[in-house]
Amino acid sequence: MTADKQTTSVHAKPHTRMHTLVLLRSWVGRDFRIRTSQTALGSMWSLINPIVATAGFVFAFHNVAELDAGVPYATYVFPGMLLWNLFGGGFSRAMDSTAGSMHIASNANFPRLVPPVSAILLASIDLASGLVLLPIFMLAQGAEAHLAPLPILGALVGTLALTIGVGLVAAAVSIFIRDLRNLLPLVVQVAFFLTPVAYPPDSGGGNLAAVFRWNPMATFVTGFRAGFLDVSNPDGASWTRAIATAFVALGVGLWYFSRVQSRFPDVA
Amino acid sequence: MGSVVLESVSKRYALGKRRAYLSSAWPFGQGTPHGETMSALDDVSFEVKPGDAFALIGANGAGKSTILKCIAGVTRPTSGRVESSGRLAALIELGIGFHVDMTGRENARFAATIAGLRGKDARRAVDEAIEFSEISRFIDTPVKRYSSGMYARLSFALAACLPADILLVDEILAVGDLAFQRKCFRYLAELRNKRGTTLICVSHSDWIVKETCTTGVLMMGGRAVGQGELTPLLQAYHALPGALASRGGERTDAHHNMTIDSVDLVPAGTRELWLHEAFTVAADIWSSTEVEKPVFAVNVANKDRQLIFGVYSDREGVDLVPGQSQHVRVTVPDLPLLPGPAVLEILVFDRAVPIIEGRVEIPVEVNSRGPVDVAWEFGLVHARSDWSLDGA
């Protein structure tokens, strides 16, 4: 495709994939720089957050509620929480970054998809850096390593797809209906407790099991954990359902966002 | 490359404040909000050819900026088609895409990435823009520490130095001080001559438009009312009755208490006035019986639309009679205005209710028969002066 021959309507003009990918990469770098600008600890914050959260859960579920996961509790909670942060954190940052990047929406050559997607990709960098701490937890608590790459990969890909899909819909709708900026964080909060992050999946009984079946994050979190520790991996049916749900969400998210994004400047 | 075509483009905006834009969130259909809307653009068609320097002329609310936004793809027309070929660069708002926490250089690099530049090309364009902006000392400081002038300079430099076949500029006057503005004009002319860049710009200042553009379109209330050579368009623009030219001043009731039925200079059709000579305006006006104190006025403004002086019938002790048509003739015996373009603004209003009832502008050119050299003149008017020298 050469720019000098074609006559395209600017509105139909597709941003070339290459251009979008390049922009995505620079936007992630830009977000990272912005997040660490004027902070003394800089990127250390992406490690401090999960450590403090884990400490909180250790106190609430282990010390107070005396929950037993079969594996040292902090080691048990930590990987699940990293994965949940990718979903919950990525979701809310996708929403914020879309609302916060309306100033750049006036740039004709800028695909509006870039800010929310890169916010989620940045959340996955947090996850990666958090994983560095996992061996330290395991060594400190004497937990046995039980590495299985497939569930790890499945959980990562599934969570990423689900987060991008759901995050794009949320980001777009909340531009038009701002109530969602207040409502959706609450929904994520509720979803957190309906996902076996801080407790084992078999500790809730029948009703909870039904919830887990339709909550893809339950499968991803449990599976992610099973990729590192000696705990049970969800069955094949759960995996299939969860991955399928995630990719349907991704498709719907991409479709919806690209359908309505041209209306942002008139509303935002 | 570098052409833009608009085909019956219309754009409607919702009026008023909404709690939530439910219909926009619905992914099927047009997504236009229901309820009260206003038409910002109404069936606008025109064509800009490659290498043109094209001006959008019109009063506030005529739809000029909406056209730029439609061309830039910022907003989508409600109906109609916008086509452009070639790379677009738009300077519609200053600092588009700047993040305040990032340095000038980081923002510039990112702008280059958005424009599709990579590697060596990006570095060269960024260096060029930084040099053009003349703010290299501050380029590694976050832009939130910038003065508004530095911000404007970097914005313009990026719009100008990143590769583009079509450059859209809204209100160039906003850019920096006089010296930098001059530099911008020179650069725009150079872009057009050397690279064949198409320029589309909006400005309220006649001289800016004249200095940069050769053709254009005249907008009025969201419609394109004229297209072609710039000079007749500007004349037509200034001849438009002000109340109609600006949507902001549009009267809701069609009922006027006073009207200017006809007005012209004497002899009719004269558009050339002479420094330190007389000029005469003649008009047929009408006022209703409701008017308490009818006033006929002639304001004289210079090319920058700065009011120089005005003559008002009531101040001169001329009492117009309400409730009838009258022929008014006013002569200014000595016009002190410096040579150059000027505007006569003819007004009728009721002194008791200060609302302009009728308004007509006549663009004129002031010339000099005497030895007044424009290049040597400063100020707004030319005063007669007597001199004497003593000694030797």
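This report describes a predicted model with chains A and B, moving from the layout of chain B to its sheets, then to helix packing in chain A and the contact between the chains.

## Overall layout of chain B

Chain B contains 9 helices and 17 strands, and 39% of its 392 residues are buried. Among the contacts in chain B with a separation of 6 or more, 72% are made by residues that stand 24 or more positions apart.

The chain is divided into domain 1, which takes in residues 4–13 + 37–238, and domain 2, which covers residues 256–376. The C-alpha centres of these two domains of chain B lie 36 Å apart.

## The six-stranded sheet

In chain B, 6 strands form an open sheet in the order β5-β6-β7-β3-β8-β9, with mixed pairing. The edge strands are β5 and β9 (223–229) of chain B, each of which pairs on one side only, and the twist from one strand to the next averages 15°.

Several of the pairings within this sheet can be followed residue by residue. Strand β6 (residues 166–170) of chain B runs parallel to β7(B) and is joined to it by 5 bridges, with B:Leu167 having B:Leu199 in β7(B) as its bridge partner. On the other side of β7(B) in the strand order comes β3(B); these two strands also run parallel, joined by 4 bridges, and here B:Leu56 stands opposite B:Val202 in β7(B). Strand β3(B) pairs as well with strand β8 (residues 215–220) of chain B, again in the parallel sense and over 4 bridges, where B:Gly216 in β8(B) is the bridge partner of B:Ala55.

## Burial of strand β3

How many of the residues of strand β3 (residues 53–57) of chain B are buried? The count is 5 of the 5, so the strand is largely enclosed by the rest of the structure; for this purpose a residue is buried if 20 or more other C-beta atoms lie within 10 Å of its own.

In a regular strand the side chains alternate between the two faces of the sheet. In β3(B), the residues B:Ala53, B:Ala55 and B:Ile57 point one way, whereas B:Phe54 and B:Leu56 point the other way, and all are buried.

## The three-stranded sheet

A further open sheet in chain B is formed by 3 strands in the order β10-β12-β15, and its pairing is antiparallel. The edge strands are β10 (258–266) and β15 (325–332) of chain B, each pairing on one side only, and neighbouring strands of this sheet are turned by 20° against each other on average, direction ignored.

Strand β12 (residues 279–287) of chain B pairs with β15(B) in the antiparallel sense over 8 bridges. Within this part of the sheet, B:Thr280 has B:Thr331 in β15(B) as its bridge partner.

## Helix packing in chain A

Helix α3 (residues 73–100) of chain A and helix α7 (residues 179–193) of chain A pack at an angle of about 175°, with their axes 11 Å apart, which makes α3(A) roughly antiparallel to α7(A). On the side of α3(A), the contact is made by A:Trp84, A:Gly88, A:Phe91, A:Ser92 and A:Met95, and on the side of α7(A) by A:Arg181, A:Leu184, A:Pro185, A:Val188 and A:Phe192. By class, the residues of this contact of α3(A) with α7(A) divide into 7 nonpolar, 2 polar and 1 charged.

Another helix pair has another geometry: the axes of helix α2 (residues 45–64) of chain A and helix α4 (residues 114–131) of chain A come within 9 Å and cross at roughly 70°, and α2(A) and α4(A) are therefore roughly perpendicular to each other. Here A:Ser46, A:Leu47 and A:Pro50 in α2(A) meet A:Asp126, A:Ser129 and A:Gly130 in α4(A), so that by class the contact of α2(A) with α4(A) has 2 nonpolar, 3 polar and 1 charged residues under a scheme that counts Gly as polar.

## The contact between chains A and B

The contact takes 36 residues from chain B and 35 residues from chain A. On the side of chain B that touches chain A, α1 (22–25), β4 (79–84), β5 (88–91) and α3 (104–114) of chain B each supply at least two residues, and the largest share, 4 residues, comes from β4(B).

By class, this side of chain B has 18 nonpolar, 11 polar and 7 charged residues. Strand β5 of chain B, which is among the elements supplying residues to the contact, is also one of the edge strands of the six-stranded sheet.

Note on methods: Residues numbered from 1 in each chain as written. Chains lettered and ligands numbered in written order. Predicted model: local features only at pLDDT ≥ 70, side-chain atom pairs only at ≥ 80, totals over all residues. Domains from an automatic or database assignment. Pairing = 2+ DSSP bridges. Axes fitted to C-alpha atoms, helices over the stretch in contact; angles between N-to-C directions. Parallel < 35°, antiparallel > 145°, perpendicular 65-115°, else oblique. Contact = placed C-beta atoms within 7 Å. Buried ≥ 20, exposed ≤ 12 C-beta atoms within 10 Å, placed from the backbone.
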